[in-house]
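Please open the structure in a viewer and follow the stops below in order. Each stop names a selection and then describes what is found there.

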There are 2 protein chains.
Amino acid sequence: MSDLGWPLQRAVALHAGATAVIDGERRVSYGELARRVNALGNLAADRIGFLGANSLAHMECWLGVPAAGKVLVDLNYRLAPEELAFLVRDAGIELLIADPERRAVAETLGVELLEDYETVVAGPPVAPARIDEDALAAISYTGGTTGRPKGVMLSHRNLLANALHNLVATGHTADDRWLHVCPMFHVAGTSNVFACTWVGATQVILPRFEAAAVLAAIERERITHSVFVPTMLAMLLEASEGANVSTLRHLQYAASPIAPELQRRVLEWLPECDVVQFYGMTEAAPTVTQLTAADHRERPERLASMGAPVAGVQVEVRDVIDGVGELWVRGANVMLGYWNRPEATADALVDGWYRTGDLVRTDADGYLYMVDRAKDMIITGAENVYSVEVEAVLTAHEAVSEAAVFGVPDERWGEAVHAVVVASPGTTADELIAHCRSRIAGFKIPRAIDVRGEPLPKSGAGKLLKSTLREPFWAGRERRVS
Amino acid sequence: MSDLGWPLQRAVALHAGATAVIDGERRVSYGELARRVNALGNLAADRIGFLGANSLAHMECWLGVPAAGKVLVDLNYRLAPEELAFLVRDAGIELLIADPERRAVAETLGVELLEDYETVVAGPPVAPARIDEDALAAISYTGGTTGRPKGVMLSHRNLLANALHNLVATGHTADDRWLHVCPMFHVAGTSNVFACTWVGATQVILPRFEAAAVLAAIERERITHSVFVPTMLAMLLEASEGANVSTLRHLQYAASPIAPELQRRVLEWLPECDVVQFYGMTEAAPTVTQLTAADHRERPERLASMGAPVAGVQVEVRDVIDGVGELWVRGANVMLGYWNRPEATADALVDGWYRTGDLVRTDADGYLYMVDRAKDMIITGAENVYSVEVEAVLTAHEAVSEAAVFGVPDERWGEAVHAVVVASPGTTADELIAHCRSRIAGFKIPRAIDVRGEPLPKSGAGKLLKSTLREPFWAGRERRVS
């Protein structure tokens, strides 16, 4: 009944002449944006990949590829070529659109490349496809707990529901000037593309995060709204001297834990600005909870909370022991399942609910607090790194017999990837890091590897006691995992 | 996937101790409200009727009857007993809940009456039913174009979608203090019950509109938000001297055309308050378009517009001739169909779209302007009166051979019901009005009846030329039909 063509259709009906996108020197009205986007229906492929930084083209692919009845597979360009090649095969991408910077890598992936994007969007518009709301719109990859990335299948309805939930939670209007700097290949980035487009806001695009450039863009383009990950906020604060950010009215952070000190400094830096936290995951398209601006300013006891479910998303905390249970999520935003992974889907989706694997507790007011991630996952910057994936790469090295990978505190990244391995005498950390480099993305490579000759600590049942290895690093610190 | 139990579940999780409802002297927290509402699952009937003014019980039935997997049929208590009896039979109501004032009428309707509502809500809570989102939640009656009222079937998803659309369009928060004074048996009234409950707002209930009581309630309860019909606004203005309405931040009007002069006076009366117009219909649960606060204050050329579609609802203007076409509506809010009326449903729902019958034009900015109602309907106060229904009652009188019913301008009600009839000599208007009184609701009875001896004007094809009769009344006036 509803499809991802709607937001732009509304925007062009009501705001055809308004500036839709500012990408560097280029300014595109909603009318022009719609003409370009409608021409993407000419692409002759059913599953279309995108590999690149944020750009006008990147945003257009989100607005146009699903709306033409095709599936968009937006790839994390930080992945290693070997990882990308796996995703291209796993998703069955038939045509890949790569930005100029990723062209060379794209050519190695064994998939047809689109030659000239601008020629396509200059083509004749294609009439809107008739699309079932439950049809697959996008496959968005997340790290896999069993070592292999999983493609999250998001329907038109999933992404539209999330955009509506975000409109309620954020209160976007046509007067907003939104800065897209979080990568659009993450669903948190794309979510705001649909929400902003729906209300006809002006969307300013930066290709990547660079603190000085972000601060300059906020001032130059009079940015009112944006979302950052905590690591970015810390960098913005470091570079903020002399920057004029007085136009900011609403700033969100999401995707990884925030340090209380950073939270305090952000609130102090932007006394007139709404500061809001969102929590979610790709499987929920992604928004689940929100810690509101009022919570941040008026309820200091809630600052350690991940917030409360947004209207439209239902949560339950199940199997509670000593006040802690697993967070389950339900709503029109919850994914269709994992692409070609029926068993993983059956594990994750039970009776209409998505089990997050995150362990939480609830206070008397219904606010949620993250206690631990049930999945063995490190969040560094805002990237999720699954320990098991890195462990598999390390143990694939002929000298390594055992590997334990976990997060350790890091001033800048929140957590850093750390490894302890058992290897034959003479094996060096540098050698193992070089081994990783060709196989996994840079952000997944351990920052440090502790090479040992002795077996790692095990439980009586022979299970690796990773907590024993991890604890010394976190002594005296709270591991904030919201 | 989602059902009408959600809004209250969220409210009780987050705002259990907050005041949910103020109904006269009675104050009920969300925790208590949920306990009472959850006990409504004990009612042993599948289709449950409600007959009464706004009250705590009335609101609870909306929150609790559909959430228990049953269907609520909320009856317009202004209807005549004969009309009510028809609705009871048509909907197959098995159990009727009536407020004390309507008890005597309710006893004549040939349906089981609930004896003691308070005993039911004091009963044990019932676990939430597992409900399909497309299950029928409510049957809401509208006048019929063919003379017989039609039951609009609204699903859980329809009503939740509309509540979300209203949350986006209105921006409700937990801090709102909403006044419910429009009747809850109209879906426009119930819509705000779900939206307000979802965010945990405080909801003040008045049983009926009485200008002095409304102004007193606004001051006493520090009301921030409400919705009125234009007729009510005119009465509020008349009585406003000395009233303190400074807490009002957001005032909506809906359900009938507004006179430009009234619009101007409301904006002048409440210079600091958002004034917003909504347009919709029961079949759309009901919201379709919105004329925003900024439109009202900053775009005087838009004051005659019915606004633009809210995010989540799609419109198309079809079969356009000379710029005017029929408004079609699509969205998760659009009804399932008409109860037991497959032909009427097939006429109204085409390929996922609802055809409103309203004729509109669109300006360059995509704003909609009502040109005419394709359905022969009078809006008096905020009640819809279908001419054909009144004509059928008039021609049922033995002395009447022809009848034409239409709206004429009325200072207070926007339009008044007017009839021209051909009747045998000696028939008086009073006699015909008395005849109507026992058969149709007071608001449908013609304010004046012009009794003639000559046949009414017809086209060459013999079709009654109602426009010829109507025109003299509207000479020199614009018939505002937004």
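**Stop 1: two helices of chain B**

Select helix 1 and helix 8 of chain B; their crossing is left-handed. In this predicted model, the axes of helix 1 (residues 6–15) and helix 8 (residues 187–199) of chain B come within 7 Å and cross at roughly 30°. Helix 1 of chain B is therefore roughly parallel to helix 8 of chain B, since angles under 35 degrees count as roughly parallel.

Next, display the side chains of the contact. Helix 1 of chain B contributes B:Pro7, B:Leu8, B:Arg10 and B:Ala11, which meet B:Phe194, B:Thr197 and B:Trp198 of helix 8 of chain B. By class, the residues of this contact are five nonpolar, one polar and one charged.

**Stop 2: the nine-stranded sheet of chain B**

Keep helix 8 of chain B selected and add the strands across which it lies: strand 8, strand 9, strand 10 (225–228), strand 11 and strand 13 of chain B. Helix 8 of chain B runs at about 155° to strand 8 of chain B.

Now show the whole sheet. It is an open sheet of nine strands in chain B, with mixed pairing and the order 2-1-9-8-10-11-12-13-14. Strand 2 and strand 14 (308–309) of chain B are at the edges with a single partner strand each, so one side of each has no neighbour in the sheet.

Helix 7 (residues 156–170) of chain B also packs on this sheet, where it touches strand 11 (250–254) and strand 13 (287–291) of chain B. The direction of helix 7 of chain B makes about 5° with that of strand 13 of chain B.

Two strand pairs in this sheet may be inspected in turn. Strand 8 (residues 177–180) and strand 9 (residues 202–205) of chain B are parallel and share four bridges; B:Leu179 has B:Val204 of strand 9 as its bridge partner. Strand 1 (residues 19–23) and strand 2 (residues 26–29) of chain B, by contrast, run antiparallel and are joined by four bridges. In that pair, B:Asp23 stands opposite B:Arg26 of strand 2 of chain B.

Which residue takes a positive phi in the hairpin of strand 1 and strand 2 of chain B? Select B:Gly24: its phi is near 65°, and the hairpin has two residues between the strands.

**Stop 3: a cis peptide bond in each chain**

Move to the loop between strand 12 (274–280) and strand 13 of chain B, where B:Pro286 is found. The peptide bond from B:Ala285 to B:Pro286 is cis, with omega near -10°. In chain A, the bond from A:Ala285 to A:Pro286 is cis as well, also with omega near -10°. A:Pro286 is located in the loop between strand 12 (274–280) and strand 13 (287–291) of chain A. Most peptide bonds are trans.

**Stop 4: the meeting of the two chains**

Display both chains together. A turn of 180° and a shift of 0.0 Å along the axis lay chain A on chain B with an RMSD of 0.0 Å. The two copies are thus related as by a two-fold rotation axis. To locate that axis, select A:Val168, which of the residues of chain A comes closest to the axis, at 2.4 Å (C-alpha).

How many residues of chain A are in contact with chain B? There are 23, and they contact 24 residues of chain B. Helix 1 (6–15), helix 7 (156–170), helix 8 (187–199) and strand 14 (308–309) of chain A each give two or more residues to this side, and helix 1 of chain A gives the most, with four residues. The side of chain A that touches chain B has 13 nonpolar, seven polar and three charged residues.

Why do the copies meet through the same surface? The reason is that 100% of the interface residues of chain A are also interface residues in chain B.

**Stop 5: a three-stranded sheet of chain A**

Select strands 23, 24 and 25 of chain A, which form an open sheet in the order 23-24-25, with mixed pairing. Strand 23 (400–410) and strand 25 (448–452) of chain A are the edge strands, each pairing on one side only. From one strand to the next, the twist averages 20°.

Strand 23 and strand 24 (residues 414–423) of chain A run antiparallel, joined by ten bridges. Within strand 24 of chain A, A:Ala419 stands opposite A:Val405. Finally, add helix 15 (residues 429–437) of chain A, which packs on the sheet and touches strand 23, strand 24 and strand 25 of chain A. The direction of helix 15 makes about 125° with that of strand 25 of chain A.

Note on methods. Residues numbered from 1 in each chain as written. Chains lettered and ligands numbered in written order. Predicted model: local features only at pLDDT ≥ 70, side-chain atom pairs only at ≥ 80, totals over all residues. Axes fitted to C-alpha atoms, helices over the stretch in contact; angles between N-to-C directions. Parallel < 35°, antiparallel > 145°, perpendicular 65-115°, else oblique. Left-handed = near helix turned anticlockwise from the far one by under 90°. Contact = placed C-beta atoms within 7 Å. Nonpolar A, V, L, I, M, F, W, Y, C, P; charged D, E, K, R; others polar. Least-squares fit on C-alpha atoms with pLDDT ≥ 70 in both. Pairing = 2+ DSSP bridges.
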